[in-house]
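Colleague: I would like to go through this model with you and ask how each label was earned. Could you bring it up?

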Amino acid sequence: PCNAVVLISGSGSNLQALIDSLGEDNPLRIRAVVSNRADAYGLTRAQNAGIATQVLDHKAFADREAFDCALIEAIDGFRPDLVVLAGFMRILTPAFVRHYSGRLLNIHPSLLPKHKGLNTHQRALDAQDSEHGCSVHFVSEELDGGPLIIQAVVPVEPGDTAETLALRVHMQEHRIYPTAVRWFAEGRLRLAAEGALLDGEKLPATGYL
Ligand code: GAR
């Protein structure tokens, strides 16, 4: 099996998609869900699935370094092969990213390298993009800049708002994240100098799944 720890800050709909992908034929095991917010609804989703939870409030730490240090200690207590960022809304220190190099995945709600950072749906509308989407990538020290694994594209429709666009993107997130995480759990996905490799072939695989 592949032991994973999932990090969240909010609703946890991507966590739910990962939970729903678990099964006898999937080597993924979610050992714990860690949140920096005690009120994250994803904690309830984890508890409902019988998964251990832990809250580590970033506001209780003097600085980013101290928080990330404690976060590493909490995560490593579960001996993970993989750490999955699922709506974890904290910028991670280089030391954290290096510690989990090659076993740290993130999902971002845009077609990276477009729209790194926050408010991606509104920014796609403001830029009059005809397409938008989401990306799964290995985390590197550059914010939202690590090697791409898989992307899904959605059309931007006339009359879209940030909310309608977010819904359309979310539906795709819930498909591509479990897919990428499963690839990793199956030992098919790895980080190499030239980028992300699936069965030895260069990624990303772009488009509708
Ligand atoms: C998702 O849309 C994810 O792509 C985004 O937060 C949302 C979390 O939703 N992540 C980021 O913006 C990372 N910078 P969820 O809690 O329902 O999974």
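What follows is a talk about the ligand site, a record's annotations and some backbone features.

Modeller: Happy to, and please keep in mind that this is a predicted model.

Colleague: What makes Ser 13 a polar contact of the ligand?

Modeller: The cut-off for a pair of N or O atoms is 3.5 Å. A side-chain N or O atom of Ser 13 is 2.6 Å from an oxygen atom of the ligand, so the pair counts as a polar contact.

Colleague: And how do you know that His 170 and Glu 173 qualify?

Modeller: By the same limit of 3.5 Å. For His 170, the distance from a side-chain N or O atom to a ligand oxygen is 3.4 Å, so it passes as well. For Glu 173, a polar side-chain atom is 2.8 Å from a ligand oxygen, and therefore that pair is also within the limit.

Colleague: How much of the ligand's area does the protein cover?

Modeller: On its own the ligand has 450 Å² of accessible area, and the protein covers 86% of that.

Colleague: Which pocket does the ligand take up, and which elements give two or more residues to its shell?

Modeller: The ligand's space is the largest pocket. Helix H1 (13-21), strand S5 (104-108) and helix H6 (162-185) each give two or more residues to the shell.

Colleague: Why is Gly 12 in the shell counted as polar?

Modeller: Gly 12 is among the residues around the ligand, and Gly is put in the polar class by definition, so it counts there. By class, the shell has three nonpolar, seven polar and one charged residues.

Colleague: Which residues does UniProt list under "binding site"?

Modeller: The unreviewed UniProt entry lists Arg 64, Met 89, Arg 90, Ile 91, Leu 92 and Asn 106. Of these, Met 89, Arg 90, Ile 91, Leu 92 and Asn 106 are in the lining of the largest pocket. Ile 91 sits in the loop between strand S4 (82-85) and helix H4 (94-99).

Colleague: What is the omega of the cis peptide bond from Leu 112 to Pro 113?

Modeller: Omega is near 10 degrees there, and Pro 113 is in the loop between S5 and helix H5 (120-126). The peptide bond from Leu 203 to Pro 204 is cis too, with omega near 15 degrees.

Colleague: What makes His 115 worth a look?

Modeller: His 115 has a positive phi of about 55 degrees although it is not a glycine. His 115 is placed in the loop between S5 and H5.

Technical notes: Residues numbered from 1 in each chain as written. Predicted model: local features only at pLDDT ≥ 70, side-chain atom pairs only at ≥ 80, totals over all residues. Heavy atoms only, no water. Near = heavy atom within 4 Å. Polar contact = N/O pair within 3.5 Å; in protein donor to acceptor, adjacent residues only side chain to side chain. Areas by Shrake-Rupley, 256 points an atom, 1.4 Å probe, with all protein chains shown as cover. 1 Å grid on protein atoms, 1.4 Å probe; cavity = no way out; pocket = protein on both sides within 12 Å on 5 of 7 lines; lining within 4 Å. Sits in = over half its atoms within 2 Å of the grid points. Helix = DSSP H or I, 4+ residues; strand = E, 2+ residues; numbered from the N terminus. UniProt positions renumbered as here; feature names shortened; annotations may be inferred.
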